Amino acid sequence: MAFLSGCAEAEFAAVRDYCAVSDASVSRIAQALEAEGYVRIRKGYIGKRPRTWLSLTTQGRTALTAHMAALQALAEAAQQAGAHNNEPSGD
């Protein structure tokens, strides 16, 4: 989803290559994300060759933004906890 957030639409092969995973993995993940309403899968042809394109839906972009915010909050909490644990003791 992060890769797709940077473009309007990406060809299946570009997503596969960038993420360095198998066709089967991209297909399975894309189908699961489509079922949740996060990704749109569009099929078509270039010449006689079938192609598949993936894009984030508005719901998908919203979910990704919320997920990134939650990860940032976790990172900040961990940093604060680390800073607190590294304070010198009053002994």
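**Reading a predicted model: salt bridges, burial and a long helix**

Modeller: Asp-23 has a relative accessible area of 40% and is therefore partly exposed, a value that comes, like everything we shall discuss, from a predicted model.

Biologist: Which residue forms a salt bridge with Asp-23?

Modeller: The partner of Asp-23 is Arg-16, and the closest N and O atoms of the two are 2.9 Å apart. To call such a pair a salt bridge, one asks for a side-chain nitrogen of Lys or Arg within 4 Å of a carboxyl oxygen of Asp or Glu, so the separation of 2.9 Å in this pair qualifies. Arg-16 is itself partly exposed, at a relative accessible area of 22%, and the two residues do not stand alone, since Arg-16, Asp-17 and Asp-23 are linked in a network of salt bridges.

Biologist: How many salt bridges does a search of the whole structure find?

Modeller: The search finds 4 salt bridges. One of them joins the side chains of Glu-9 and Arg-42, with 2.8 Å from N to O. To read such a pair, locate its two ends in the chain: Glu-9 belongs to the loop between H1 and strand S1 (10-11), whereas Arg-42 belongs to strand S2 (residues 39-46), so the bridge ties together parts that are 33 residues apart in sequence. Both ends are partly exposed, Glu-9 with a relative accessible area of 33% and Arg-42 with 29% relative accessibility.

Biologist: Where do Glu-11 and Arg-51 lie, given that their side chains also meet in a salt bridge?

Modeller: In that pair, where N and O are 2.8 Å apart, Glu-11 is in strand S1 and Arg-51 in strand S3, so parts that are 40 residues apart in sequence are tied together. Glu-11, at 26% relative accessibility, counts as partly exposed, and Arg-51 falls in that class too, at 25%.

Biologist: Strand S3 has come up, so is Ser-55 in that strand buried or exposed?

Modeller: The reasoning needs a cut-off, because a residue is called buried when its relative accessible area is under 20%. Ser-55, which lies in strand S3, has 9% relative accessibility and therefore counts as buried. If residues up to four places away in sequence are not counted, Ser-55 touches Leu-4, Ala-8, Glu-9, Tyr-38, Val-39 and Arg-40. Thr-52, also found in strand S3, counts as buried as well, at 17% relative accessibility.

Biologist: With which side chain does the side chain of Thr-52 make a polar contact?

Modeller: The side chain of Thr-52 makes that contact with the side chain of Lys-43, at 3.3 Å. Apart from neighbours within four places in sequence, the residues in contact with Thr-52 are Ala-10, Glu-11, Phe-12, Ile-41, Arg-42 and Lys-43.

Biologist: Why does the span of H4 agree with its length in residues?

Modeller: One takes a rise of 1.5 Å a residue, which gives an expected span of 40 Å for the 28 residues of H4, and the C-alpha atoms at its two ends are 41 Å apart, so the two values agree. As for which residues face where, an α-helix has 3.6 residues a turn, so residues three or four places apart point the same way. In H4, Gly-60, Ala-63 and Leu-64 are buried, and what covers the buried residues of the helix includes helix H1 (2-5) and strand S3 (49-56).

Biologist: Which residues form a nonpolar patch on the surface?

Modeller: The patch consists of Met-68, Leu-71 and Leu-74, which together have about 300 Å² of accessible area. Of these, Leu-71 is found in helix H4 (residues 58-85), and at 41% relative accessibility Leu-71 counts as partly exposed.

Biologist: What should I look at in the loop between H2 and H3, where Ala-20 is found?

Modeller: Begin with the backbone, where phi of Ala-20 is near 55°, a positive value in a residue other than glycine; Ala-20 is also exposed, with a relative accessible area of 66%. Ser-22 lies in the loop between helix H2 (12-19) and helix H3 (23-35), and with a relative accessible area of 37% Ser-22 is partly exposed. A polar atom of the Ser-22 side chain lies 3.1 Å from the backbone nitrogen of Ser-25.

Methods. Residues are numbered from 1 along each chain as its sequence is written. This is a predicted model: local features need pLDDT of at least 70, side-chain atom pairs count only at pLDDT 80 or more; totals for chains, interfaces and linings use all residues. Side-chain values use heavy atoms; hydrogens and water are left out. Patches are made of residues with over 30% relative accessible area and no salt bridge: like charges are joined within 9 Å, nonpolar side chains (Val, Leu, Ile, Met, Phe, Trp, Tyr) within 5 Å. Accessible areas come from the Shrake-Rupley method with a 1.4 Å probe; for residues, only the protein chains shown count as cover. Helices (H or I, at least four residues) and strands (E, at least two) are DSSP runs, numbered from the N terminus. Buried means under 20% relative accessible area, exposed over 50%, partly exposed in between (1.4 Å probe, protein chains only). A polar contact is a pair of N or O atoms within 3.5 Å; within protein, one must be able to donate a hydrogen and the other to accept it, and residues adjacent in sequence count only if both atoms are side-chain atoms. The expected span of a helix is 1.5 Å times one less than its number of residues. Contact means heavy atoms within 4.5 Å.
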